Protein chains: 2
Amino acid sequence: MTRVKESSSQNENKKALAAECMEIYAANIIGGQWTLAICCHLINGKLRFGELKKRLPWITERMLALQLKKMEKNRLIKRTVFAEVPLRVEYELTESGKGLQPVLKLLEEWGIKHLKSGNN
Amino acid sequence: MTRVKESSSQNENKKALAAECMEIYAANIIGGQWTLAICCHLINGKLRFGELKKRLPWITERMLALQLKKMEKNRLIKRTVFAEVPLRVEYELTESGKGLQPVLKLLEEWGIKHLKSGNN
DNA sequence: GGTCATACTTACAAAAGTTATAGTACCCTA
DNA sequence: TAGGGTACTATAACTTTTGTAAGTATGACC
């Protein structure tokens, strides 16, 4: 009855779950520590690396760079480099990224309700 | 301009983000590796520990126990113990947990669209 | 008394994710 | 020649999450 594991890594489990369940696939993509925060800021338009950094005062440059790279790979954002001096790089949501807006809205509503329901 | 960090832990950052942004708060709650998978199975009704284990063949007992405990703490599920022998414990979604259904649906739809858009 | 089933718990280890700190490359300006 | 701004990268340390394997408590059943 119990299926035999073919691999023991965390990653394999994650992939297997995401493969058979689209909500888990989606949750994995938006689940990074800073991913949603970045989305929230980009939803009003494109921003430069330094502007994002200012808006996320607690993030380190490394994490910002890593998250942006991951989000680009996941096709949530588009990166545009302008060959100016000093260098300018702009980040903006892709169509897919913009498509998260209703998800974010629902999540927010659920979060508010959930938080309130805990104060009884 | 840059706010000063009051603590250096990962957790503090997480909390700070969740406090100022409800979608991040919500994402933190549903973001565990197995949380959504468990929700998916409980959405059709209550299940026992062992039944969940069978439905999630790759999960270890430890992870299942941990996740269920966390979900109970987060008020996503309710745990009921029946003083029988052998012991019977049932898990079911709370109202808050059931409230995730539309979120899951949207996430699923977004996931499908996103996956397709990557196959170009 | 020994075995079985259920629903866990514990100790330890590995992996993934995050943070801290410093440094790079580019070219402009003084 | 030195300093400054932007957008990163390198390295290592640290925290959190997940996995492995074994053990516990309860009471029925043989």
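1. A quick word on terms before anything else: a residue is called buried here when its relative accessible area is under 20%. Keep in mind that this is a predicted model. With that cut-off, helix H2 of chain B (residues 22-30) has 8 of its 9 residues buried, so the helix is largely enclosed by the rest of the structure. The buried set is B:Met22, B:Glu23, B:Ile24, B:Tyr25, B:Ala26, B:Ala27, B:Ile29 and B:Ile30. What do these residues pack against? On the chain A side, the partners are H3 and helix H7 (101-117). From chain B itself come H1, helix H3 (35-42) and helix H7 (101-117). If you have the viewer open, H2(B) is a good place to begin, as its buried residues pack against elements of chain A together with elements of chain B.

2. Now for chain A as a whole. You'll find 7 helices and 3 strands in chain A, and along the sequence they run α-α-α-β-α-α-β-β-α-α. The radius of gyration of chain A is 18 Å, well over the 14 Å that the globule rule gives for 120 residues, so chain A is more spread out than a compact globule. Its C-alpha trace spans about 65 × 45 × 25 Å along the principal axes. Of the 120 residues in chain A, 41% are buried. As for contacts in chain A between residues at least 6 apart in sequence, 44% join residues at least 24 apart.

3. On to the charges. Side chains of opposite charge can pair when their charged atoms come close. Over all chains, the count comes to 16 salt bridges. One group worth a look is a network of salt bridges linking A:Lys46, A:Glu84, A:Arg88, A:Glu90 and A:Glu92.

4. Within that network, take A:Lys46 and A:Glu90, whose side chains form a salt bridge with an N to O distance of 4.0 Å. A:Lys46 sits in the loop between helix H3 (35-42) and strand S1 (47-48) of chain A, while A:Glu90 is in strand S3 (residues 88-93), so to speak 44 residues away, and the pair links distant parts of the chain. Buried or exposed, how does A:Glu90 come out? A:Glu90 is buried, at 14% relative accessible area, whereas A:Lys46 is partly exposed at 45%.

5. A:Lys46 also forms a salt bridge with A:Glu92, at 3.8 Å from N to O. Here A:Lys46 in the H3-S1 loop meets A:Glu92 in strand S3 of chain A, so the pair ties together parts that are 46 residues apart in sequence.

6. For a local pair, go to chain B, where B:Lys15 and B:Glu12 form a salt bridge, with their closest N and O atoms 3.9 Å apart. Both lie in helix H1 (residues 10-20) of chain B, and because they are 3 residues apart there, about one helical turn separates them. B:Lys15 counts as exposed at 53% relative accessibility; B:Glu12 is partly exposed, with 36%.

7. Which residues come nearest to DNA strand D? Of the 26 residues around the strand, the nearest are A:Asn13, A:Glu61, A:Arg79, B:Gln33 and B:Arg62. By class, the surface near DNA strand D has 8 nonpolar, 9 polar and 9 charged residues. On the DNA side, 70% of the strand D atoms within 4 Å of the protein belong to sugar or phosphate, and the rest belong to bases.

8. Some phosphate contacts to check by eye: an N or O atom in the side chain of A:Arg79 is 2.5 Å from a phosphate oxygen of DNA strand D. Backbone atoms take part too, with a polar one of A:Gly50 at 2.9 Å from a phosphate oxygen of the strand and a backbone N or O atom of A:Val89 at 3.3 Å from one. The elements giving two or more residues to the surface near DNA strand D are, in chain A, helix H1 (10-20), helix H4 (49-55), helix H5 (61-73) and S3, and in chain B, H1 and helix H5 (61-73).

9. A last small item is B:Thr94, which is found in the loop between strand S3 (88-93) and helix H6 (95-98) of chain B. B:Thr94 is buried, with a relative accessible area of 18%. Setting aside neighbours within four places in sequence, B:Thr94 is in contact with B:Arg75, B:Leu76, B:Ile77 and B:Lys78.

Notes. Residues numbered from 1 in each chain as written. Chains lettered and ligands numbered in written order. Predicted model: local features only at pLDDT ≥ 70, side-chain atom pairs only at ≥ 80, totals over all residues. Heavy atoms only, no water. Helix = DSSP H or I, 4+ residues; strand = E, 2+ residues; numbered from the N terminus. Buried < 20%, exposed > 50% of the residue type's maximum accessible area, 1.4 Å probe, protein only. Near = heavy atom within 4 Å. Polar contact = N/O pair within 3.5 Å; in protein donor to acceptor, adjacent residues only side chain to side chain. Nonpolar A, V, L, I, M, F, W, Y, C, P; charged D, E, K, R; others polar. Rg over C-alpha atoms; globule rule 2.2 N^0.38 Å. Contact = heavy atoms within 4.5 Å.
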